[in-house]
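Student: Hey, I've just opened this one and don't know where to start. Can you walk me through it?
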Amino acid sequence: MATKIQSDAASALSGLLFDGMTVMAGGFGLCGIPENLILAIRESGVKDLTVVSNNCGVDGFGLGLLLENGQIRKMISSYVGENELFERLYIEGRLEVEFTPQGTLAERIRAGGAGIPAFYTRTGVGTVVAEGKETREFDGETYLMERALKADISIVKAWKGDAEGNLIYRKTARNFNPMMATAGRVCVAEVEHLVPTGTLDKDMIHTPGVYVHRILQGPAYEKRIERLTTRPRSEKASA
Amino acid sequence: MPWTRDDMTARAARELKDGFYVNLGIGIPTLVANHIPPGMEVTLQSENGMLGMGPYPFEGEEDPDLVNAGKMTISELDSSSYFNSAESFAMIRGGHIDLSVLGAMQVAANGDLANWMVPGKMVKGMGGAMDLVAGVKRVIVVMEHCEKSGRSKLVRECTLPLTGKGVVDLLITDLGVFEINRGRGAVRLVELAPGVTLEEVRARTEAAFVTDLV
């Protein structure tokens, strides 16, 4: 088997990018985003992208970079409140957005990777999210049919990974990454630590290697904090 | 004196019960965590993938991999667990969370809630709010009673895009507490903030309500 290990983000994406493609990008806000792969997509200049991601980064970082560079045609997201450019482009009609409730988004991606074409949920019944969608009653309750989501490529970020593509995420940086890894026709994973095969605890693997086609260790991680909140050291009780 | 934001969240905290699993919305509802009574065990769920949310970290101990749904740095507890977003919303949608406290732009007498966009003006997205109101056992809204313009936010019918239909159980505003009961029966004013009169609430409320208060 050819190696999954790539030397850098640009070579990890080589041959995979084309205009008009759908990209899934892991992360919640700026937490757990594939920083290096996003930069490499910006450098590639690929455009008319449909991007599936819970958020769209912030002005000047994360997916906000692709937005500024005019590479995104459509976003499928649940929350974009931290991005002024996004709000402006959307209100001016220059960016198409499919607002999807966060849980529905996560489940659509999970379903996409699990071979389930659609599912029913109570979320969004009676709201604009339900417009044009089939509804069905189960046990006296109305549910909405939601379709699965897949992508031409998914880019995810993990804490540790190995040559097999096994991934372990860290704390809340896990978020959408595991489902997205399963729902891309090709999944490219970047990790903070590429470790020798056999050193990860096999009972603790979050994403088994079958889902990951290419893997690289990022040269650096800025891991920008969106909202720094702390309590003073003198305080003993909880904030 | 109408209630302050802190008073409103303290009032919301009185709805907590020992052993509850609770999701607090971003913004004002986050402050409810400051009012959990000592000795009461309440587990906070953060929809980005954590149960057992701890307080803000000590200065210098912040971790970019550990944030809440408002993207604020937080800390973990001995009892905490982490999971992915699909698992997080399985727990929300599946009815495993006891209580959710959310902010709002409008609440209607029929229990409808609007809190995610103002067409043509402001769009943030619904985030997890639509899933929370669809799946959590009890939904409490904490909001200012009126807009800055003075217009009532407790309305006969929502004019803004909905987050959920017939989903609000209890509403706490700076003027008082209203039982909405998901629109089953009339809205009932059950508490007034200190110094606030029934006449004042009537004058500043668009929706019809009943009350036993005098």
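Tutor: Sure, and keep in mind that this is a predicted model. Let's start with α5(A): ten of its 13 residues are buried, so this helix is largely enclosed by the rest of the structure.

Student: Which residues of α5(A) are the buried ones?

Tutor: Among them are Q102(A), G103(A), T104(A) and L105(A), and also the charged-looking names you might spot, E107(A) and R108(A).

Student: And how far does helix α5 of chain A reach?

Tutor: From first C-alpha to last, α5 of chain A covers 18 Å, close to the 18 Å expected at 1.5 Å a residue. Just after α5(A) comes G115(A), with a positive phi of about 75°.

Student: OK, new topic. How many residues does each chain bring to the contact?

Tutor: Chain A brings 53 residues and chain B brings 52. Together they bury about 4,600 Å², with 59% of that on carbon and sulfur atoms.

Student: Which three residues supply the most of what chain B buries against chain A?

Tutor: That would be F58(B), D65(B) and K71(B), which supply 17% of the area chain B buries there.

Student: How many salt bridges cross the interface?

Tutor: The rule finds five between chain B and chain A. One salt bridge pairs E76(B) with K171(A), at 2.9 Å from N to O. As for the side of chain B that touches chain A, its residues divide into 23 nonpolar, 16 polar and 13 charged.

Student: What's the salt bridge count over all chains?

Tutor: It comes to 29. Take E192(A) and K157(A), whose side chains meet at 2.9 Å, N to O. E192(A) sits in strand β10 of chain A and K157(A) in strand β8 of chain A, so the pair ties together parts that are 35 residues apart in sequence.

Student: Are those two buried or exposed?

Tutor: Both E192(A) and K157(A) are buried. They also belong to a network of salt bridges that links them with R170(A), K223(A), D63(B) and D65(B).

Student: What about a salt bridge within chain B, say the one R5(B) makes?

Tutor: R5(B) meets E144(B) at 3.5 Å, N to O. R5(B) is in helix α1 of chain B and E144(B) is in the loop between β10 and β11 of chain B, so this pair ties together parts that are 139 residues apart in sequence.

Student: Where do R5(B) and E144(B) stand on accessibility?

Tutor: R5(B) is partly exposed, with a relative accessible area of 48%. E144(B) counts as partly exposed as well, at 26% relative accessibility.

Methods
Residues numbered from 1 in each chain as written. Chains lettered and ligands numbered in written order. Predicted model: local features only at pLDDT ≥ 70, side-chain atom pairs only at ≥ 80, totals over all residues. Heavy atoms only, no water. Contact = heavy atoms within 4.5 Å. Buried area = accessible area lost by both parts, 1.4 Å probe. Salt bridge = Lys/Arg side-chain N within 4 Å of Asp/Glu carboxyl O. Nonpolar A, V, L, I, M, F, W, Y, C, P; charged D, E, K, R; others polar. Helix = DSSP H or I, 4+ residues; strand = E, 2+ residues; numbered from the N terminus. Expected span 1.5 Å × (residues − 1). Buried < 20%, exposed > 50% of the residue type's maximum accessible area, 1.4 Å probe, protein only.
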